[in-house]
Amino acid sequence: MYRPLVIAACGLTLVAAGALSVTAAAPLAAQSNVAQTAAVETRTFAVDNMTCALCPLTVKTAMQRVEGVRSVTIDFGAKTATVTFNPAVATSEAIAAASTDAGYPARPAG
């Protein structure tokens with residue numbers, strides 16, 4: 001008995017025979033992503049006490065645990081963290097406090 005394998009994800013449907021079809025959900029997903037990226041803010045924080053290779057990982061983990069944070073990039077040499085977050089959910093103060101609570105005092109740079 002032949003049963004086709006069908007996998008659906010993000011509006012794409014893949015059939016085992018190799019055919020690929022795009023459903024109408026794909027444009028809606030793209031519109032949703034545009035709306036989500038519009039509500040994003042990027043802020044750089046100066047971070048104190050980073051002295052070893054493990055310090056940036058600790059700071060990054062602490063900042064990522066704040067609800068609304070989308071990404072954290074640490075520059076160990078410059079002692080900074082660049083954070084992308086949703087300002088409707090997270091605040092700069094909450095992100096800095098998370099790093100400070102982990103032992104690495106942070107403050108918005110500039």
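Analyst: Under the convention used here, a residue is buried below 20% relative accessible area, exposed over 50%, and partly exposed in between. The structure is a predicted model, and the classes below apply to that model.

User: Why is glutamate 41 counted as partly exposed?

Analyst: Glutamate 41 has a relative accessibility of 24%, and because partly exposed covers the range between 20% and 50%, glutamate 41 falls in that class. Arginine 43 has a relative accessible area of 29%, so arginine 43 is partly exposed as well.

User: What makes the contact of arginine 43 and glutamate 41 a salt bridge?

Analyst: The rule asks for a side-chain nitrogen of Lys or Arg within 4 Å of a carboxyl oxygen of Asp or Glu. Between the side chains of arginine 43 and glutamate 41 the N to O distance is 2.7 Å, so the pair meets the cut-off of 4 Å.

User: How many salt bridges does this rule give, and which residue meets aspartate 48?

Analyst: The count comes to 2 salt bridges. Aspartate 48 meets arginine 107, with 3.2 Å from N to O. This pair links distant parts of the chain, since aspartate 48 sits in the loop between β4 and α2 while arginine 107 belongs to strand β7, 59 residues apart. Aspartate 48, at 32% relative accessible area, is partly exposed, and arginine 107, at 43%, is partly exposed too.

User: Why is serine 92 called buried?

Analyst: The relative accessible area of serine 92 is 6%, and because buried means under 20%, serine 92 is placed in that class. Serine 92 lies in helix α3 and, leaving aside residues up to four places away in sequence, touches Arg43, Phe45, Phe85 and Pro108. For the protein as a whole, buried residues make up 26% of the 110 residues.

User: What makes β4 and β6 a pair, and in which sense do they run?

Analyst: Two strands pair if at least two bridges are found between them. Strand β4 (residues 41-47) and strand β6 (residues 80-85) have 6 bridges, in the antiparallel sense, so the criterion of at least two is met. Arginine 43 has valine 83 as its bridge partner in β6. By the rule of at least two bridges, β4 also pairs with strand β7 (residues 106-108), antiparallel over 3 bridges, and there phenylalanine 45 stands opposite proline 108.

User: What is the order of the strands in the open sheet, and why do β5 and β7 stand at the edges?

Analyst: The 4 strands follow the order β5-β6-β4-β7, with antiparallel pairing. Since β5 (69-75) and β7 each have a single partner strand, one side of each is left without a neighbour in the sheet. On average, with direction ignored, neighbouring strands of this sheet are turned by 30° against each other.

User: Which strands does helix α3 touch, and which does helix α2 lie across?

Analyst: Helix α3 (residues 92-101) packs on the sheet and touches β4, β5, β6 and β7, its direction making about 35° with that of β4. Helix α2 (residues 55-64) lies across β4, β5, β6 and β7, and runs at about 165° to β5. In total the protein has 3 helices and 7 strands, in the sequence β-β-β-α-β-α-β-β-α-β from the N terminus on.

Methods: Residues are numbered from 1 along each chain as its sequence is written. This is a predicted model: local features need pLDDT of at least 70, side-chain atom pairs count only at pLDDT 80 or more; totals for chains, interfaces and linings use all residues. Side-chain values use heavy atoms; hydrogens and water are left out. Helices (H or I, at least four residues) and strands (E, at least two) are DSSP runs, numbered from the N terminus. Buried means under 20% relative accessible area, exposed over 50%, partly exposed in between (1.4 Å probe, protein chains only). Axes are lines fitted to C-alpha atoms, for helices over the stretch in contact, and angles run from 0 to 180 degrees between N-to-C directions. Contact means heavy atoms within 4.5 Å.
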